[in-house]
Amino acid sequence: MSEANDRDATWHGRVPDREAASVQPVASEPCPEVGTALASAMNIAAHHATPPAASARRARRSLAALVALVATLMSGCLVTDTIDFPDEVNYPPSIVAAPGGLPMNRIAHIDRSTATSDDLTLDVIVRDPNEDQTLRYRVFVDDDTFDKLPVLDGDLAPLGTVDRHTIIRLPLEALGVAGRCHRVELIVTSAFSPSGTALREPATPGDVDDASWWIELTDADHPSIERACL
């Protein structure tokens with residue numbers, strides 16, 4: 001007789017062997033109420049392992065009720081259980097020059113009187129494993145004392161990829177006077193410090209990267225560099 005048939009025989013009053021009718025203890029209890037109900041079911045199953053014909057219906061009703069109770073209690077335990085998921089790690093961004101972009105940490109020369117554009121183009125790739133995170137950027141010019149306001153700031157929207165190709169256009173007039181070398185800094189973080197004075201600092205220490213460019217700026221009135229890059 002198959003296992004399925006053995007179960008049918010039990011519920012219809014026919015007597016399977018005692019080994020098939022026994023209830024094995026569970027390895028663990030999902031909650032105290034389920035453990036109590038299972039213990040009751042085991043006791044009744046043992047008592048009615050060979051039920052007389054007159055009490056077969058009562059045994060079936062009792063076991064059916066206990067099965068329903070156990071199912072309800074187990075469902076309740078599963079609903080009330082909570083699962084704690086770890087917070088996503090906030091990785092710091094990194095900045096690299098895009099192919100064909102203005103090399104970083106190099107000296108470039110711009111003659112404003114002959115330039116074909118009124119902007120300095122910063123073509124970079126910002127890398128961040130937090131692909132769905134909005135980043136913030138600020139651009140500083142000649143901030144040697146770390147107390148100047150940024151000349152540009154804005155958001156870098158998430159693209160769903162680690163690499164975010166970013167083009168920032170800085171007006172040449174924002175560089176200042178010609179005849180000098182100017183340092184341009186790009187700072188990227190997920191959030192800047194809320195402090196009104198620490199304008200370059202990230203809200204979370206270490207969650208930041210910066211890149212620099214050195215620009216020798218000349219024009220018709222200042223054809224040579226009077227103040228070189230340091």
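The second largest pocket of this predicted model is lined by Asp142, Asp144, Arg180, Cys181, His182, Arg183, Trp214, Arg227, Ala228, Cys229 and Leu230. About 200 Å³ of space lies in this pocket. Strand β7 supplies the largest share of the lining, 4 residues.

**The pocket lining**
- By class, 5 of the lining residues are nonpolar, 5 are charged and 1 is polar.
- Rolling a probe the size of a water molecule over the atoms shows where empty space is left.

**Strand β7 and its partners**
- Strand β7 covers residues 180-189, and 8 of its 10 residues are buried.
- Strand β4 (residues 135-141) runs antiparallel to β7, and 6 bridges join the two.
- In this pairing, Arg136 stands opposite Thr189 of β7.
- Strand β8 (residues 208-218) is also antiparallel to β7, with 10 bridges between them.
- Here Val188 has Asp209 of β8 as its bridge partner.

**The three-stranded sheet**
- Strands of a sheet pair through backbone hydrogen bonds, either parallel or antiparallel.
- An open sheet of 3 strands follows the order β1-β3-β6, and its pairing is antiparallel.
- β1 (94-97) and β6 (163-171) each have a single partner strand and stand at the edges, so one side of each is left without a neighbour in the sheet.
- On average, neighbouring strands of this sheet are turned by 35° against each other, with direction ignored.
- β1 pairs with strand β3 (residues 119-127) over 4 bridges, in the antiparallel sense.
- Within this pair, Ile95 stands opposite Val126 of β3.

Note on methods:
Residues are numbered from 1 along each chain as its sequence is written. This is a predicted model: local features need pLDDT of at least 70, side-chain atom pairs count only at pLDDT 80 or more; totals for chains, interfaces and linings use all residues. Side-chain values use heavy atoms; hydrogens and water are left out. Buried means under 20% relative accessible area, exposed over 50%, partly exposed in between (1.4 Å probe, protein chains only). Two strands pair if DSSP finds at least two bridges between them. On a 1 Å grid over the protein atoms alone, a cavity is a set of points where a 1.4 Å probe fits but cannot get out, and a pocket is an open set with protein on both sides within 12 Å along at least five of seven lines; lining residues have an atom within 4 Å of a point. Grid points are joined across faces, edges and corners, and a volume is the space filled by probe spheres set on the points. Ala, Val, Leu, Ile, Met, Phe, Trp, Tyr, Cys and Pro count as nonpolar, Asp, Glu, Lys and Arg as charged, and the others, Gly among them, as polar. Axes are lines fitted to C-alpha atoms, for helices over the stretch in contact, and angles run from 0 to 180 degrees between N-to-C directions.
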